[in-house]
Amino acid sequence: MPKYVYFFGKGEGEGDASMKDLLGGKGANLAQMAKMGFPVPPGFTISTEVCTYFYQNGQNYPKELKAQVEEALKGVEKERGSVFGDKENPLLFSVRSGARISMPGMMNTVLNLGLNDEITEKLAESNARFAWNSYWRFIFMFADVVMALPKEELDEALEGVKKEKGYKLDVELLAEDWKEAAQRLKNKVSVLAGREIPQDPHIQLWEAVGAVFKSWNTPRAITYRRLNRIPEEWGTAVNVQSMAFGNINDQSASGVGFTRNPSTGDKNLYGEFLPNAQGEDVVAGIRTPQPISELEKTFPECYSQLLEISKKLEEYFKDMQDIEFTIENGKLWMLQTRTGKRTAQAAVRIALDMVEEKRIDKKEALLRIDPKSVESFFRPSFDPKAAKKVIAKGLPASPGAAVGEAVFDSDEAVRLMEEGRKVILVRMETSPDDIHGIDAAQGVLTSRGGYTSHAALVTRGMGKPGIVGCETIFVDHKKEQFEADGIVVKKGDKISIDGTSGEVLLGEVPTLEAAVSGDLGKIMEWADEERALRVFANADTPAQAKQSKDFGAEGIGLCRTEHMFFEESRIEIFQEMILAKDKEARESALAEILPLQKSDFIEIFKAMEGRPVIIRLLDPPLHEFLPKEEGDIKSLAQKIGVSEEELKSQAESLKELNPMLGHRGVRLAIVYPEIYQMQARAIMEAVCELAKEGVKVSPEIMIPLVVSLEEFNIIKDLIEDVCREVKDSYQVNPEYKIGTMIETPRAALLAGKIATAAEFFSFGTNDLTQTTLGISRDDAGRFLPKYLEKKIFKDDPFLSLDQEGVGSLIKVGVRAGREANKDIQVGICGEHGGDPETIEFCHKIELDYVSCSPFRIPVARLAAAQAKIKSKIN
């Protein structure tokens, strides 16, 4: 008979930490803690296999499940000495989700399950406030999670009681107030849902289990999986665990802790707790909790026990742990442990420390750091010399500097982000439903909550600056504004937040760029020792070249010469060349451009200090360089001595119906060879001048959009003639290479032929993706989201390489190219070159290099090292 339910209890567990795929992270670790003898409230886990069955069978359960759940319930009843549904000695449960990878707050939870009118009345005889407070919580969570009723309307019951009594905080409510709030809420639920909350605890249990499974596919869970690339088919487990009550009296508390600081990585127990509260209060951020160090004063024995358990958990898991605990009547209970979410800075610090502590080796340390998170190291910081107006200060939950317009609604944050505007999401507190708004924002500011609140956890996990618990600001969501120190900040006003100091600043504060150094520098050293792939940069200017080198680039894999023409001092000369009526006029304009291009090449070569520099000759269609605004058209017309009408007519004649597949790249040189002749001359003159000065240069000239050997050879001969002439005139003989960019399926399929003449290939994955899929990147936004939603594509093919389609063409091209020319150098230079999954693919097919934008170079260096380590493990 298949097994779907796994019990955990005192000193025993049917599972263990290795069973995350089956029991989810929470269930597997609860079983492990129980086996280790820690105080874990007994319970059972319904496996992820049931979730898969649930969705494949019309949201029904396997026939064996009910009997296995009943058997597990008896085991819990025996250990706790109480009975589920019994009014004299009731056993209550929490029902929680548990995916194999932690998804904090994204799925649903129901606490205090098993309460009903009769049981609550009986409990109230001995502890009325606790009983009615717990019942109100159960009704609220069941109505929200199971019945899907709007929280705003459910809140009205409690808010009404508080308003009538003149209370501001929930803790002010007396027992009779909670009873009244529970009764009002129960009546409201009946009206809104058209049915009562079930009084039978067993019915409550099965409805809650179903709601948790359904929460796997809520919009917020889907968004979180998309952002973190968690497969839909994994599903979630359900953990049914007997309750430990932190809200029973003043000798009780609930808290969340980390075995190391999740923001900095410092080695000390870090976290918060709330006296006389349940765990959801801490995470929700409704009350600002106390630092965990204060626990030593109020609960010294529990604190000592917690320190010891935290130490043992970290020793066992060999990683920083995120723990949840409850103290009930002075007794400590452990409710959860999981690998803790952390900032990139903390991840690096913890990895280095654990190597030094000999808990893990360097390879494991590299695997512990999410390559994409490394980008947050290069988020700007505020210029210390800049004038600042600090209007408030909160808890620094996630480091970094962020500037943007204040917005108060997550949907609005997404809309403005899609318009290209930068926003700061401001809320009283965030909930899991705000995940899309947090993702869209530059940073987050909340007036409530602590270091372990939802906003703090999610911003840290996303690497976004965050400030929480900023109690000196008053947020008014209806008016879409907040007030701080007498200053009103309205929607659309610019603010700056410093997630490192917790300061909220008025206006836009200037920022400074970061550099690779310190802890990250050490990690990058280890990565460079490990990786096989070389990492180049896409850099078009001397400043970008220097920045790329500082970030660890081993060369430039794509220098786009057309970007050099867009400077204001150059664009009109280039436009004059485009509009020239004959070759003589065109060459005259090109002669003016040549020294400008040469000077750029000299500075780029100097900056790269002998590293390879792959220069792509002019690629875009010529009409893209022509003016579109009336003022610019008038200025250019006067400069070149033609009427505005004539200029517009010439520009119109150059327009193309499908410019991406039109007169661009090598096709420009076939028709106008003098353009590439000028560029080749500028490159080689720069090389020769530096060579005479003793400066080492490694130039590689790339011909774009080649589709045939014949086409390539015509332009290669043209370039070589120019280079030979320049070298002879300077009387030096520097080495150089000529290669091509593979951007079409035909070029990939004929790569073997092209390789007989080319010295290197660079797969231009941006255009190769467009030409292979037949999808315009500029127009894909209209339909691509639906393709992702319907699982036609696993990932956006313009962000992560389509390995099945485009990847197959690259494999064909690499194999054929190397068979024809064993010395050919092969790499990729689209933005895919900074995507970790694409980099792993490039390692597997043994490319020589990847090239990406400067800020993604550290990401690529780490991802390349991880790819090699994983290949050896697998």
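Is Gly9 buried or exposed? I began with this residue and recorded that Gly9 counts as buried, because its relative accessibility is 1% and the cut-off for buried is under 20%. The model I consulted is a predicted one.

**Entry 1: Gly9**

I located Gly9 in strand β1, which covers residues 5-9. I then listed its contacts, leaving aside neighbours within four places in sequence, and found Ala34, Pro42 and Glu79. I also looked up the separation of Gly9 from Arg80: the two are 71 residues apart in sequence, and their C-alpha atoms are 9.6 Å apart in space.

**Entry 2: the chain as a whole**

I counted 33 helices and 32 strands in the chain. The radius of gyration is 32 Å, and the globule rule gives 29 Å for 874 residues; these values are close, so I noted the chain as being as compact as a globular protein of that length. Along the principal axes, I found that the C-alpha trace spans about 100 × 60 × 50 Å.

I next looked up burial and found that 57% of the 874 residues are buried. For the surface I recorded an exposed area of about 36200 Å², of which carbon and sulfur atoms supply 48%. Turning to contacts with a separation of 6 or more, I noted that 68% of them join residues 24 or more positions apart.

**Entry 3: Ser47 and Ser242**

I looked up two serines. Ser47 sits in the loop between β3 (43-46) and α2 (48-56). I entered Ser47 as buried because its relative accessibility is 0%. Which residues does Ser47 touch, not counting those up to four places away in sequence? I listed Tyr4, Tyr6, Leu22, Phe213, Thr236 and Ala237.

Ser242 belongs to strand β6, residues 236-242. I entered Ser242 as buried too, because its relative accessibility is 2%. Apart from neighbours within four places in sequence, I found Ser242 in contact with Pro41, Pro42, Val76, Arg80, Leu91, Leu92 and Phe93. Pro42 also appears among the contacts I listed for Gly9. As a distance check, I looked up Ser242 and Ile424, which are 182 residues apart along the chain; their C-alpha atoms are separated by 40 Å.

**Entry 4: Asn249**

I followed the chain from β6 into the loop that leads to β7 (253-258), where Asn249 is placed. With a relative accessible area of 24%, Asn249 is partly exposed. I noted that Asn249 touches Asn276 and Asn329, not counting residues up to four places away in sequence. How far apart in space are Asn249 and Leu690, C-alpha to C-alpha? I recorded 79 Å for this pair, whose sequence separation is 441 residues.

**Entry 5: positive phi**

I then turned to backbone angles. Most residues other than glycine have a negative phi. Against that background I noted two residues.

Gln59 has a phi near 60 degrees, a positive value in a residue other than glycine. I placed Gln59 in the loop between α2 and α3 (65-80). Its relative accessible area is 41%, so I entered Gln59 as partly exposed.

Asp485 has a phi near 55 degrees, again positive in a residue other than glycine. I placed Asp485 in the loop between β20 (481-484) and β21 (487-490). I entered Asp485 as exposed because its relative accessible area is 64% and the cut-off for exposed is over 50%.

**Entry 6: the second largest pocket**

I closed with the second largest pocket, for which I recorded a volume of about 740 Å³. Its lining consists of 33 residues, and those closest to its centre are Met660, Arg664, Asp767, Gln770 and Arg777.

Which element gives the most to this lining? I found that α29 does, with five residues. Helix α29 runs over residues 765-773, and β26 (556-560) likewise supplies at least two lining residues. Sorting the lining of the second largest pocket by class, I recorded 12 charged, 11 polar and 10 nonpolar residues.

Note on methods:
Residues are numbered from 1 along each chain as its sequence is written. This is a predicted model: local features need pLDDT of at least 70, side-chain atom pairs count only at pLDDT 80 or more; totals for chains, interfaces and linings use all residues. Side-chain values use heavy atoms; hydrogens and water are left out. On a 1 Å grid over the protein atoms alone, a cavity is a set of points where a 1.4 Å probe fits but cannot get out, and a pocket is an open set with protein on both sides within 12 Å along at least five of seven lines; lining residues have an atom within 4 Å of a point. Grid points are joined across faces, edges and corners, and a volume is the space filled by probe spheres set on the points. Helices (H or I, at least four residues) and strands (E, at least two) are DSSP runs, numbered from the N terminus. Ala, Val, Leu, Ile, Met, Phe, Trp, Tyr, Cys and Pro count as nonpolar, Asp, Glu, Lys and Arg as charged, and the others, Gly among them, as polar. The radius of gyration is taken over C-alpha atoms; the globule rule is 2.2 Å times the number of residues to the power 0.38. Buried means under 20% relative accessible area, exposed over 50%, partly exposed in between (1.4 Å probe, protein chains only). Contact means heavy atoms within 4.5 Å. Accessible areas come from the Shrake-Rupley method with a 1.4 Å probe; for residues, only the protein chains shown count as cover.
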